[in-house]
Every structure is written in C-alpha cells, then in structure tokens.
Amino acid sequence: MSVAIDIDRLMARIFDLAKIGALPGGGCKRLALSPEDAESRALVTGWFEARGLEIHRDVIGNTWAIRADRNGGTTAPVLMGSHIDTVGTGGLYDGVLGVLGAFEVIESIDDAGIETERPLAVAFFTNEEGARFQPDMMGSGVAMGELGLDEMLASVGIDGPSVAEALAAIGAAGDEPVGALKPSCYLELHIEQGPVLEAEGLEIGVVTGVQGISWSEFTVSGATAHAGTTPMKMRRDAGVVAAAIALEARAIAASFGPPQVATVGRMRFSPDLVNVVPETAVLTVDLRNTDETELKAAEKWLFSKAETLAKVEGCTVTRRTLARFEPVVFDPDLVEEVAQGAAQLGMTARRMPSGAGHDAQMFAPHCPSAMIFVPSKDGISHNTTEFTAPDEIARGVALLAQVALTRAGHAQSEGRVQ
C-alpha cells in the first residue's frame, strides 16, 4: 500500500519554517533553545495541534505528537522524527525534513481514512546539532537514557547560558519525565548530507547504521613571546603544536583509509596577534569510523602524538571529550523493510552507512530503528545552499509512509490510497 503524499503542502511547510531565523541569501540559523528555536517550536507544535494530535513534551524539551490507533489505545507508537534546530549556517532540509516529512505521513494517512493497529507519532528532539550546546543528539540521548539529564542540563552553551537556563528562558521544558517516550520502533527520514546518491544516480539510501563519533578539544599551553626578537629555538609556540596536531589528524585518516575521516573544525590562538607567538591554542578534532576498534586505534594514535608534539615544543597539552558515540548498527529486519519498500515503489536504492550523527543512533539500542536518505545536491549540507528537489523529497516521504504503515498495521482504508 502506498499513500498519496501532498508534496505541495509539505514544501509550503518547509518554506514557512525556513522564514524563522532566515539568513541573507538563503538558509537559516536556529540554534538550540534560542528565541528562533522557540518560535519554530511554537509553529510546528501548532501544526500538530491543528491536526488534532496528542502533544507531549519532556523535561529537556523533546516534543512528540501522537495519532491514536483504531482502538484509541496506549500501545507503543511507531515513532518518526528528527530535529528542527540548525547550525549557524543551516539549510532548509537538515532535520526539518525528518520532522515535517513524518508529519506529512501522518496527515496523508489521516486524509486517506486509514486506521492503524498501533499509534503513529512524530517528534522533534532538542539540540541535535550540538552547535550551541555539547554534545549533539542531546535530547534524544537523554530520552533514551544514553546521556544523563543532570549533566546535560548543566552543559554550558557557546554564548554563556546552561541548557537548564536556556530551557527556562524560552519555556521549552515540559512535564514528561525522562523515559516517557517508549516507541515500538523509530524511523528517520533525512537528506544524505553527502554526495554518494547523487553521484550514483540513485533515489534512496537505505541506511545500515551510523559511524562512531569522537569529538575532542585540545588546549595547548606554551609561552607568549615577541615575534621578532625571540629566536626560533627558544620559543614555546602553542600555535605550532596545534597546527601539527591538525596535520596529524589528516595523516591518521590517510593511513587508516576509508571509512576513517578526521576533521579539525575549530582552532583559536591567544593572544591572537599577528606579531606575538601564541601562548595558548585550542582546537577540536572530529574522528569518525564505522568500526569501534579502528576508531579507538585512531584516538590512541592522536592522543599519544599530541603529547609528543607538545613535549618537543616545550609546551603542555590537555584534552577533554566533547562527545563520544560508538558505531551503531540499525535493526536488520527494519532495514530490510526499507529496502523492500523502495523496491516495491520502483525506487533505485543502495545500502549505506551514515557518516553523520543522527537521533536514530540513540534509539537503536532500545528499539528497532532505521533511516532513509534522499539525495543532497552536490553533497552540500550545514550550508545555506543545501538543497534537495521536491520530487526527491516526495519519494522519501512516500517510502517512509509505506514502512510506517507496515509497522503500524493498517486496519482499513478509504479515500486517497494508491
């Protein structure tokens, strides 16, 4: 059974949400628990309420809406969702597609008069991006018990307030306790955020799992000195050490080979003056691999080499973990349902791991979970030019609807069913 998706309705909602935090030239900025996030939460929740869904919100601001089953019972729902917060230069589709696409599934099923044996639910989770507060996937991690509530509430944002303070400032915290959300399974539709599907001319990515992620912050301490009067051999240059660590991260990726990747996303010097040897340097290193053993080996290499590089320069280095998630394998049966659904709908597809972190990885240890990817133009994401064509979106939502209906069980149908 396939449900007729109203792609015009879905795209209109995507564009309406994009007006909140809109950036010049396209894209949007809605950092977690910011005023813009508050406005977007109100808009999306209002759409849920207008459809007559039952709204729930927990203590860290995760919000979910439930369409009752045919008996109005309380069985565990088939949950679909993602996030509506963005990075500082976000696009229109990252996360948003998973939320509004899931809502379109529920609306289309509703419009078709289909009753289900299990409830259907759509959710958006707090601070998935980790752009304002660390770690990422915070809300879903707390909901599933993978991250501690008290520790996450105490996390301090890049602009000063803690998560608890930011929740209070926009009134985003709800009454539902940690663990209130107990789905029968979890499905997440997402843009690929990479170039593979487009390059191979494929319509659907059947996601098999998520790479392990290791985020570390290194602080190198040396000594400030005059750039002109201090001989090179007498310097304790924190900047040089930071640069060497960055190059070492690249060397690790080259040595290990695919799928190992390494990224230095932030680096800052102090006193940050053109004619002064840096006294302090702070940088982040993001390591990812689909194999936990390999990821641990990459971490060991990097951490050890950072100590050596600092010692050679007469500096010291400290490290703190910003986020650490093991690789996740999605439920084989649910992944197979996604693959079979794509085939039944005549969609070209391939199985692939996700290189980015997603809320789905927090659900995977607790309930059957899977993801569906649709192509990203030129593989661009976390960027104002992020784009996925409406017809590509429609295919992904139609597949999501098919898998969700299979899991929920459809008791009867009337109206717009193809």
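This tour moves from the whole chain to single residues, suggesting at each stop what to select and saying what is found there.

**Before starting**

The model is predicted, so that local features need pLDDT of at least 70 and side-chain atom pairs count only at pLDDT 80 or more, while totals for chains, interfaces and linings use all residues. Residues are numbered from 1 along each chain as its sequence is written, and side-chain values use heavy atoms, with hydrogens and water left out.

**The whole protein**

Begin with a cartoon of the protein, which has twelve helices and 18 strands; helices (H or I, at least four residues) and strands (E, at least two) are DSSP runs, numbered from the N terminus. The radius of gyration is 23 Å, close to the 22 Å that the globule rule gives for 418 residues, so the protein is as compact as a globular protein of that length. Here the radius of gyration is taken over C-alpha atoms, and the globule rule is 2.2 Å times the number of residues to the power 0.38. Switching to the C-alpha trace, one finds that it spans about 85 × 45 × 40 Å along its principal axes.

With a surface displayed, the accessible area comes to about 16800 Å², of which 52% belongs to carbon and sulfur atoms; such areas come from the Shrake-Rupley method with a 1.4 Å probe, and for residues only the protein chains shown count as cover. Of the 418 residues, 53% count as buried, where buried means under 20% relative accessible area, exposed over 50%, and partly exposed in between (1.4 Å probe, protein chains only). Among contacts between residues at least 6 apart in sequence, 80% join residues at least 24 apart, a contact being heavy atoms within 4.5 Å.

**Strand β2 and its partners**

Select residues 63-67 next, which form strand β2; five of its five residues are buried, so the strand is largely enclosed by the rest of the structure. In a regular strand the side chains alternate between the two faces of the sheet. In β2, T63, A65 and R67 point one way and W64 and I66 the other way, and all are buried.

Adding residues 54-57 brings in strand β1, which pairs with β2 in the antiparallel sense over four bridges; two strands pair if DSSP finds at least two bridges between them. R57 stands opposite T63 in β2. The two strands form a hairpin with five residues between them, and G61 in the turn has a positive phi of about 95°. Now add residues 120-124, strand β5, which runs antiparallel to β2 and is joined to β2 by five bridges, with A65 standing opposite V122.

**Two loop residues, A68 and R118**

From β2, step to A68, found in the loop between β2 and β3 (78-82). This residue is partly exposed, with a relative accessible area of 45%, and, leaving aside its neighbours within four places in sequence, A68 is in contact with T116 and P119. A distance drawn from A68 to C315, 247 residues apart in sequence, gives 61 Å from C-alpha to C-alpha.

R118 lies in the loop between β4 (115-116) and β5, and R118 is partly exposed, with a relative accessible area of 30%. Leaving aside neighbours within four places in sequence, its contacts include D69, T75, S184 and R407.

**A buried residue in helix α1**

Select I14 in helix α1 (residues 7-18), which is buried, with a relative accessible area of 1%. Leaving aside its neighbours within four places in sequence, I14 is in contact with L92, Y93, V96, L100 and I393. The C-alpha atoms of I14 and V96, 82 residues apart along the chain, are separated by 7.2 Å.

**Backbone details**

Finally, show the backbone atoms in sticks. The peptide bond from Q134 to P135 is cis, with omega near 10°, and P135 is found in the loop between β5 and α4 (138-143). A cis peptide bond also joins P258 and P259, with omega about 10°; P259 has its place in the loop between α8 (238-256) and β10 (261-263).

L33, although not a glycine, has a positive phi of about 65°; L33 sits in the loop between α1 and α2 (35-50) and counts as buried at 3% relative accessibility. D272 is not a glycine either, yet has a positive phi of about 60°. D272 lies in the loop between β11 (267-270) and β12 (276-277) and is exposed, with a relative accessible area of 60%.
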